[in-house]
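Please describe the fold of this chain and the surroundings of a few chosen residues, in a form that can be read next to the structure.

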Amino acid sequence: MKKLITLMAALATMLVLAAPAMAQTGGNVTVVHGIPGLVVDVYVNGDLTLEDFAPGDVAGPLELPAGDYALAITAADAAIEDAVLEGSATVTDGLDASIVAHLMEDGSPTIGIFVNDVSNTDAGEGRLTVRHTAAAPTVDILLADGTEVFTGVANPAEGIVELPAGTYSVAIAPTGAGVDAAVFGPADLAVVEGTNRIVYAIGDLAGETFGLVIQDI
């Protein structure tokens, strides 16, 4: 975990290109902690912004003025000079994004950026977004009856679908293996009218820390 990971230009470019055309005053950023076994502090522009941030925690949305931000993540109570992950990001007008500290498929830690869909859904429908941010192979997201919702979702990809509001029994299984080989679930998941329910697969499947984190917009 002491390996330094730099986001720099790639991260800033993703955020800049994702901004909508309508000018607003800054953007919203949500921070998700998906690295198991590490309680951290999060610094923004050198200031301690999130303290004792535990695996599975979701913070935000943080309303940030447009501009450039330096990010640093340290072990809890460690000095900023001992950051285990660091980088920079540009927040643009109208941006709504999630910054996720997570594991890649091979178990190495990284920081991922996802731009959140905040557009309106049709009456009676909600949006379900599933993001693969776990140390796990490519997966399918299935209903308990075997219906495929998303197939072939690899780390760090996402799938987005709009569904009638209601409660669904959902399972996660290795791609092509079917619901009987589920590594998670079936478990009930509510899709809420007018809400983007974002589900993150986090942790390490082989290390038995695999789980889900939910963010609602």
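Is R197 buried or exposed, and what is its relative accessibility? R197 counts as buried because its relative accessibility is 15%, where buried means under 20% relative accessible area, exposed over 50% and partly exposed in between, with a 1.4 Å probe and protein chains only.

The model is a predicted one, in which local features need pLDDT of at least 70 and side-chain atom pairs count only at pLDDT 80 or more, while totals for chains, interfaces and linings use all residues. Residues are numbered from 1 along each chain as its sequence is written, and side-chain values use heavy atoms, with hydrogens and water left out.

**The chain as a whole**

The secondary structure comes to 1 helix and 16 strands; helices (H or I, at least four residues) and strands (E, at least two) are DSSP runs, numbered from the N terminus. Of the 217 residues, 44% count as buried. The chain exposes about 10,000 Å², of which carbon and sulfur atoms supply 54%, the areas coming from the Shrake-Rupley method with a 1.4 Å probe. Among the contacts (heavy atoms within 4.5 Å) with a separation of 6 or more, 62% involve residues 24 or more positions apart.

**The sheet with β1, β4, β7 and β8**

An open sheet is formed by 4 strands in the order β4-β1-β7-β8, with mixed pairing; two strands pair if DSSP finds at least two bridges between them. The edges are taken by β4 (58–64) and β8 (109–115), each of which has a single partner strand, so one side of each is left without a neighbour in the sheet. On average, neighbouring strands of this sheet are turned by 20° against each other, direction ignored, as judged from axes that are lines fitted to C-alpha atoms, with angles between N-to-C directions running from 0 to 180 degrees.

Strand β1 (residues 27–33) runs antiparallel to β4 and is joined to it by 5 bridges. Within this pair, N28 has E63 in β4 as its bridge partner; E63 and N28 are 35 residues apart in sequence, yet 4.7 Å apart in space, C-alpha to C-alpha. Not counting residues up to four places away in sequence, E63 touches G27 and N28, and at 70% relative accessibility E63 counts as exposed.

At the other end of the strand order, β7 (residues 96–103) is joined to β8 by 7 bridges, and the two run antiparallel. They form a hairpin with 5 residues between them, in whose turn G107 has a positive phi of about 90°. A101 stands opposite I111 in β8, and β8 is mostly covered, with 6 of its 7 residues buried.

**The sheet with β10, β11, β13 and β14**

A further open sheet of 4 strands has the order β11-β10-β13-β14, with antiparallel pairing. Here β11 and β14 (184–191) stand at the edges with a single partner strand each, so one side of each is left without a neighbour in the sheet. Neighbouring strands of this sheet are turned by 25° against each other on average, direction ignored.

Strand β10 (residues 139–143) and strand β11 (residues 148–153) run antiparallel and are joined by 3 bridges. I141 stands opposite F150 in β11, and V139 stands opposite V153 in β11. The hairpin of β10 and β11 has 4 residues between the strands, and in it G146 takes a positive phi near 95°.

**Two buried residues of β15**

R197 lies in strand β15 (residues 196–202), and N196 has its place in β15 too. N196 is buried, with a relative accessible area of 2%. Both side chains make polar contacts, meaning pairs of N or O atoms within 3.5 Å, of which, within protein, one must be able to donate a hydrogen and the other to accept it, while residues adjacent in sequence count only if both atoms are side-chain atoms.

| Side chain | Partner | Distance |
|---|---|---|
| R197 | backbone oxygen of A190 | 3.1 Å |
| R197 | side chain of D216 | 2.7 Å |
| N196 | backbone oxygen of D117 | 3.1 Å |
| N196 | side chain of T129 | 2.9 Å |

Leaving aside neighbours within four places in sequence, R197 is in contact with residues including L189, A190, V192, I214 and D216. Under that condition, N196 is in contact with D117, R127, L128, T129, Q215, D216 and I217.
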